[in-house]
Amino acid sequence: AELKKMAAAPHTVELCYDVVSPYSYFAFEVIQQYEKLWNLRINLKPIFLGGVMHMTGNQPPITLAQRAPYLARDMQRNAQYFELPIQFPSVFPVNTLHAMRIVTYFYKTGQKDKQLAFSREMWHNLWERNVNISEPQVLIDSCIALGFSKEEATKIVKEHSQETAVKDALKTATEEAVQGGAFGAPVFFIRVNGQGETEMFFGSDRFHLIAQLLGTEWLGPNPQQQQQQQQRTKTARL
């Protein structure tokens with residue numbers, strides 16, 4: 001009898017992110033498109049970037065005057081490449097501690113759909129609509145936009161996100177990221193087939209190196225579109 005080839009165990013990917021980071025936004029959206037294509041088991045893990053910076057002595061890149069104009073231009077290049085319509089907010093950097101505690105509340109209670117939707121709402125508010133996401137009313141309105149009632153949204157923002165267990169979970173996740181080598185966000189922690197040594201990748205511009213680690217191919221920020229294009233090209237040559 002012919003032996004069936006066992007499917008390889010999925011690669012484990014932990015993406016540590018904070019909604020203050022546009023590069024986290026790029027990484028967040030792209031890695032999910034590769035879940036099946038690269039056989040990934042993805043853990044989208046909220047951390048507090050402000051805490052990472054404090055613990056590591058790092059400073060926001062934009063605080064360096066010589067670098068700021070370049071970063072603004074580079075961000076627009078990335079926005080075009082990743083096809084995400086972002087613009088630089090008038091208030092930046094902004095404190096996302098409260099927002100990330102809400103993300104952590106959804107994460108910790110297993111409400112993944114809400115975690116993803118709220119994270120996206122934060123990025124849309126800050127990086128597309130120029131809305132200050134440190135304001136409690138903005139957080140409440142964002143929860144309402146997810147389908148919660150006004151009362152439910154208010155409770156999430158003013159009570160659930162302030163629970164000791166939620167605060168501790170975000171603090172622990174942030175500390176674990178730093179212990180793993182993080183000095184900013186986004187950060188990927190990857191184990192090939194879920195085994196062996198953990199490899200860390202920083203930023204949203206290392207997907208080609210992640211592909212190399214996994215022995216696969218980087219097809220750009222929209223792999224489905226790229227595959228369709230490759231198929232059309234192949235068909236045209238026949």
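**Exercises on pockets and a helix**

The second largest pocket of this predicted model has a volume of about 170 Å³.

**Exercise 1.** Determine which elements give two or more residues to the lining of the second largest pocket, and which one gives the most.

*Solution.* The elements in question are α2, α4 and α8 (164–179). Of these, α8 gives the most, with four residues. The residues that line this pocket are F48, G51, H54, M55, L97, R101, K167, L170, K171 and T174. Sorted by class, they comprise four nonpolar, three polar and three charged residues.

**Exercise 2.** Describe the largest pocket by its volume, its lining and the classes of its lining residues.

*Solution.* First, the space in the largest pocket is about 720 Å³. Next, 33 residues line this pocket, and S21, Y23, L49, P61 and A185 lie nearest its centre. By class, the lining holds 20 nonpolar, 10 polar and three charged residues. Finally, α1, α2 (49–56) and α3 each supply at least two lining residues; the largest share, four residues, comes from α3.

**Exercise 3.** Compare the expected span of helix α5 (residues 112–127) with the distance between its end C-alpha atoms, and identify its buried residues and what covers them.

*Solution.* Helix α5 has 16 residues; at 1.5 Å a residue, the helix should therefore span 22 Å. The end C-alpha atoms are 22 Å apart, in agreement with this expectation. Taking buried to mean under 20% relative accessible area, the buried residues of α5 are Q115, L116, F118, S119, E121, M122, W123, N125, L126 and W127. Their cover includes the strands β1 (11–17) and β2 (40–46), together with the helices α1 (22–33), α3 (68–82), α4 (97–108) and α6 (136–145).

Key:
Residues numbered from 1 in each chain as written. Predicted model: local features only at pLDDT ≥ 70, side-chain atom pairs only at ≥ 80, totals over all residues. Heavy atoms only, no water. Expected span 1.5 Å × (residues − 1). Buried < 20%, exposed > 50% of the residue type's maximum accessible area, 1.4 Å probe, protein only. Contact = heavy atoms within 4.5 Å. 1 Å grid on protein atoms, 1.4 Å probe; cavity = no way out; pocket = protein on both sides within 12 Å on 5 of 7 lines; lining within 4 Å. Points joined across faces, edges and corners; volume = space filled by probe spheres on them. Nonpolar A, V, L, I, M, F, W, Y, C, P; charged D, E, K, R; others polar.
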